[in-house]
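Here is a set of questions and answers for a first-year student who wants to see how descriptive terms are tied to values. Please look at the structure first and then read on.

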Amino acid sequence: MALRSLSVSCCCCCALGFLLLALGDLGQSSELTFTLEPSDVVAVEEHPLKLHCQVEGMQPISKSWRKNGVLLSDSEHISLLANGSLYITKFQKLREDGSSDEGEYDCTAQNHLGLLVSRKAKVQVATLSPFHVQPQSMMVEEGGVARFQCQIHGLPEPLIMWLKNRRALEPSDDRFTFLPTGVLQITRVGEEDSGIYQCVAANTADTRHSEEASLTVSGSHSNVYKEPTILVGPENLTLTVHQTAVLECVATGNPRPIVSWSRLDGRPIGVEGIQVLGTGNLMISDLSVQHSGVYVCAANKPGTRVRRTAQGRLVVQAPAEFVQYPQSISRPVGTTAIFNCLAQGEPIPQLTWLKNGEILAPSGHIKLKNNNNTLTINGISPEDEAIYQCIAENDAGSTQASARLTVLWAEGLPGPPRDVKAVALSATAIQVSWTEPSENTRDIIGYVLHIRKTADPVEMEYQEAVSKTTLQQVVTDLQPSTGYTFYIKAYTSRGASKPSELATCRTRGEVPAVPALFIKVLNSTAIQAVWESSIKLGQHEGFKLYYRRIHGAHFIGPVLLPSNVTSYNITQLDPLIAYEVKLLAFNRHGDGNSTVRFVALQDAAERSGVLNTPCDCLKEEHSSKTSTTGIIIGTHIGVTCIIFCVLFLVFGYRGRLLMCKNVEERLATPQAPSRAQRNSQGLVLNGGSRRGRQEFVANGKMADMNELERLFPAPVPSDRLHKENPCNNVSPITEEQPSSICQNSLFPLDEFVVSEEQHTTFETPVVQCCLDHPELNINQLSFTGAKDSSSITAE
């Protein structure tokens with residue numbers, strides 16, 4: 001179905017191609033574009049602040065600023081400069097009226113084509129908090145490790161320096177390690193390191209001095225063995241790309257342990273931008289997202305496998321950046337506009353769409369899908385012409401991209417098609433018809449039928465193109481019992497009309513499929529009907545089971561069975577009668593076609609008795625004699641059959657016609673049987689009782705020759721004799737006999753039994769059997785005789 005929508009664009013794209021190209025070139029040069037957007041700033045309180053914004057496009061262009069989404073106007077301390085920049089004369093964190101200059105600022109630019117909004121710039125005041133971790137006095141054994149730490153928060157990040165005895169420590173001694181995180185490490189401590197230590201933190205907001213801490217060195221270096229120990233391991237860090245990460249690891253022991261680093265996921269740390277500070281601290285500069293992971297610090301005793309480990313997680317965030325930008329497009333009225341926007345970052349950016357600076361929410365014809373990556377505008381109108389922006393934001397920052405939609409409108413477009421009607425034709429087809437628009441119909445080049453399931457969203461619809469001379473369309477391949485919604489548009493070379501009124505219709509229900517039926521003989525008076533409740537039946541409520549004697553006028557039933565039942569036993573049957581069993585599935589839409597099976601209980605019982613009889617040597621000996629006698633008799637009967645066949649072909653059909661006529665009269669029932677039923681009845685009666693044959697001879701009824709010729713056509717050539725049965729007739733199906741799909745309507749040859757109660761001479765009926773069923777080879781027939789009965793069994 002998706003291919004049908006391809007024909008829609010073909011109707012108008014060729015005619016509009018040059019126009020779109022021309023308008024596209026014009027639009028690119030006139031679009032609003034930011035050449036400089038405001039950036040995140042840390043402002044100094046009581047100092048001036050300037051935010052920059054530059055834009056180009058078709059003049060005239062008006063600019064404005066917003067803070068936290070609210071439009072800013074000129075005031076005593078805020079003014080808009082001629083170049084579009086925003087100037088704050090004295091930045092304050094908290095003013096007398098309770099307001100603050102801190103917040104998110106964006107710049108807007110507007111011309112007659114639309115409005116554009118810049119990225120959001122976060123403006124914060126510079127601060128420096130009090131120390132929340134200060135250095136502590138300590139006593140360290142000579143040759144050990146001393147560590148002092150200061151922690152303080154500030155904007156911008158404060159610079160920390162260390163003092164010893166109130167004089168700045170110079171990083172000339174490699175025993176001293178100064179970490180950017182405010183940590184001082186001293187390895188191989190000696191008596192000369194004793195003193196008073198203090199840290200100083202400073203940024204643009206202020207300068208602060210920490211409390212003083214003393215370092216006391218005790219004793220002399222000891223050679224006593226000490227297990228490796230990690231005094232301080234790496235902390236969990238969350239940083240932004242291009243920043244520097246410092247993972248601290250301080251280990252002690254005797255002998256001095258060797259510090260190594262690895263990643264928990266097994267990936268290599270690499271060498272670019274990697275530096276070791278002091279005796280084991282890891283510094284990674286110019287961070288990227290690939291540096292995120294869990295880092296493991298290990299302190300190993302030299303020459304052994306003795307080790308201690310500590311680990312910390314590094315999370316590197318990346319501001320949102322675009323992988324795919326939305327593109328400006330031009331579309332005729334009534335068509336569909338699609339904008340795509342794809343951004344990446346860590347964490348995954350959230351996308352927001354703006355229309356002329358206002359947040360765009362989904363509506364009847366505006367849809368956002370694929371996590372807001374795709375903006376679809378269906379049935380565009382002049383009101384949809386605007387600048388559309390994709391804003392990508394995450395914890396690390398935000399960015400924006402814009403595109404313009406130009407709506408092409410031509411005078412003299414046709415009105416919407418009228419009188420749209422939908423009528424269900426079947427379970428899978430609906431016919432939709434309409435009349436021409438009331439105006440401007442001369443230039444119509446075709447119609448487009450829009451189709452969707454009523455329960456589906458608008459973007460799930462598909463289209464079918466229709467010739468301008470056709471005012472109706474049959475929609476096929478639909479689902480049963482499902483509602484569909486349709487509307488029509490008329491197309492010209494200049495664009496499409498407005499959509500017509502909606503028409504809804506529900507497809508018809510579907511009756512169940514034909515069940516597969518099998519018959520199992522339980523005993524001489526009972527059978528079991530077994531079937532499969534397959535999913536191919538579709539939605540069905542249950543089954544109806546019928547059965548009757550093969551000569552019966554009416555079925556017994558229906559026996560109503562629920563959908564989860566798959567078998568039913570039919571008992572108290574006559575073992576001398578053949579039966580017909582019929583099964584169908586039904587639902588609220590009606591009855592499905594039925595499956596018909598035939599079964600002869602007498603034959604099944606006899607075969608069952610033979611299989612279950614224990615071995616009797618005397619009986620087997622008698623059977624072998626009888627079998628020999630049967631072969632001799634069979635040979636004579638075979639010759640007799642050939643003679644009768646020759647006589648029949650030479651002297652005409654008289655005897656055979658009378659025989660068939662007699663069979664017809666005995667088969668007559670109140671309703672006309674189906675073709676399959678007539679065939680099966682003929683098989684049963686070909687070897688009917690002696691009384692039936694006597695009635696045939698006694699009656700001697702002569703039929704009208706025209707009727708006989710109609711029922712029994714002229715003989716076929718001998719080469720076709722094995723392909724057709726000249727006595728098979730097809731009777732029309734009456735209303736009393738429902739149509740059925742008959743499976744195995746003829747008894748299988750290995751189940752075909754004809755029996756009589758007395759000795760009989762094999763006359764015309766035997767020949768008739770041969771003629772009606774040429775596939776039976778006379779050499780394959782065995783005849784067994786008994787005192788009271790004789791039988792013919794097709795093996």
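Q: Why is Q59 called exposed?
A: Q59 has a relative accessibility of 56%, and exposed means over 50% relative accessible area, with buried under 20% and partly exposed in between (1.4 Å probe, protein chains only); Q59 therefore counts as exposed. Q59 is found in the loop between β4 (54-56) and β5 (62-67), where strands are DSSP runs of E with at least two residues, numbered from the N terminus.

Q: What kind of model is this, and how are its residues numbered?
A: This is a predicted model, in which local features need pLDDT of at least 70, side-chain atom pairs count only at pLDDT 80 or more, and totals for chains, interfaces and linings use all residues. Residues are numbered from 1 along each chain as its sequence is written, and side-chain values use heavy atoms, with hydrogens and water left out.

Q: Why is V423 called partly exposed?
A: The relative accessible area of V423 is 48%, which lies between the limits for buried and exposed, so V423 is partly exposed. V423 belongs to strand β41 (residues 418-424).

Q: How do you know how confident the predictor is along the chain?
A: The pLDDT, which is the predictor's confidence in each residue from 0 to 100, averages 76 over the chain, and 71% of the residues score at least 70. Over residues 1-29, however, the pLDDT is below 50, and over residues 653-795 it stays under 50.

Definitions and conventions. Contact = heavy atoms within 4.5 Å. Helix = DSSP H or I, 4+ residues; strand = E, 2+ residues; numbered from the N terminus.
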